[in-house]
Every structure is written in structure tokens, then in C-alpha cells.
Amino acid sequence: MARRRTTGVFAISVAADMVAMQVQNLRVYERRGLLTPDRTAGGTRLYSEDDIERLERIRDLLAEGLNIAGVARVLALEDEVARLHAENARLREG
């Protein structure tokens, strides 16, 4: 099931509709490194369920007044916390 969440299946226009954003914004967020959608051999972007959740988080942070740099920092910190939680759980099991 984890594979389905991380495999790109939604075209950029569908992803933009799902999160109520403009297609151009999704391209900007990718250029700024906020997310990395899958690409087909022809270069078409494909967004996964995880990408959609990340776009929703970006939308919410922007609505709270953060700028793109602030959003990038918050996302980086959240990613690091998630990584540390996973590592901690792994160490507790072993």
C-alpha cells in the first residue's frame, strides 16, 4: 500500500484541481524544491497521494502567512522530525 501513496498517478491539472491551486504554482513549488513529482519518459509530471498531501500542507502554510522560504523551512523540519521518529522506532525494535 505504501507504494500506491508514493507512485505518481495524477496529472498536474488534476493535482492542481484536487488542492485548489493554479498549475503554475505547482511548477513553482517544484522549482523551489518543495516537492518532486514523478516524471514519465516524456517528461510529464505525475503526482502521488503523498504529493497531494504535501501540496495541501503548502497551501495551509501559505494561508497562515508564511512565504515560500518559510514553507520550505517548515517542510524540511517536518521531514527531519518524521525521519527521526522512524529511526527511533527502528532502534526500539532492534
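Here is a chat about one predicted protein model, its overall build and a few of its residues.

Student: Okay, where do I start? How many helices and strands are in the chain?
Tutor: The chain has five helices and three strands. Keep in mind that this is a predicted model.

Student: And in what order do the elements run from the N terminus?
Tutor: They go α-β-α-α-β-β-α-α.

Student: What does the C-alpha trace span along its principal axes?
Tutor: About 45 × 35 × 20 Å.

Student: How many of the residues count as buried?
Tutor: There are 94 residues in the chain, and 24% of them count as buried. As for the surface, the chain exposes about 6,300 Å², with 52% of that coming from carbon and sulfur atoms.

Student: What about charges? How far apart are the mean positions of the positive and negative ones?
Tutor: They're 4 Å apart, with 15 positive and 15 negative charges in the chain.

Student: New topic. Which residues does the UniProt annotation "domain: HTH merR-type" cover?
Tutor: In the UniProt record, which is an unreviewed entry, that annotation covers residues 9-77. Over that stretch the chain is 59% helix and 10% strand. The C-alpha atoms at its two ends lie 27 Å apart.

Student: Let's zoom in. Where is arginine 45 found?
Tutor: In strand S3, which takes in residues 45-47.

Student: Which side chain does the side chain of arginine 45 make a polar contact with?
Tutor: The one of glutamate 30, at 2.4 Å. Leaving out residues up to four places away in sequence, arginine 45 also touches others, including Phe10, Ile12 and Asp38.

Student: What about leucine 46, where does that lie?
Tutor: Leucine 46 is in strand S3 too. Its C-alpha atom is 5.4 Å from the one of valine 9, although the two residues are 37 apart along the chain. Beyond its neighbours within four places in sequence, leucine 46 has contacts with several residues, among them Gly8, Val9 and Pro37.

Student: Why does leucine 46 count as partly exposed?
Tutor: Because its relative accessible area is 22%, and buried would mean under 20%.

Student: Last one: alanine 82. Which helix is it found in?
Tutor: Helix H5, which runs over residues 68-93. Alanine 82 counts as partly exposed because its relative accessibility is 46%, and exposed would mean over 50%.

Student: How far is its C-alpha atom from the one of alanine 15?
Tutor: Those C-alpha atoms are separated by 24 Å, and the two alanines are 67 residues apart along the chain.

Definitions and conventions. Residues are numbered from 1 along each chain as its sequence is written. This is a predicted model: local features need pLDDT of at least 70, side-chain atom pairs count only at pLDDT 80 or more; totals for chains, interfaces and linings use all residues. Side-chain values use heavy atoms; hydrogens and water are left out. Helices (H or I, at least four residues) and strands (E, at least two) are DSSP runs, numbered from the N terminus. Buried means under 20% relative accessible area, exposed over 50%, partly exposed in between (1.4 Å probe, protein chains only). Accessible areas come from the Shrake-Rupley method with a 1.4 Å probe; for residues, only the protein chains shown count as cover. Lys and Arg count as positive and Asp and Glu as negative; His and the chain ends are not counted. The place of a charge is taken as NZ of Lys, CZ of Arg, CG of Asp or CD of Glu. A polar contact is a pair of N or O atoms within 3.5 Å; within protein, one must be able to donate a hydrogen and the other to accept it, and residues adjacent in sequence count only if both atoms are side-chain atoms. Contact means heavy atoms within 4.5 Å. UniProt positions are given in the numbering used here, feature names are shortened, and annotations may be inferred rather than shown by experiment.
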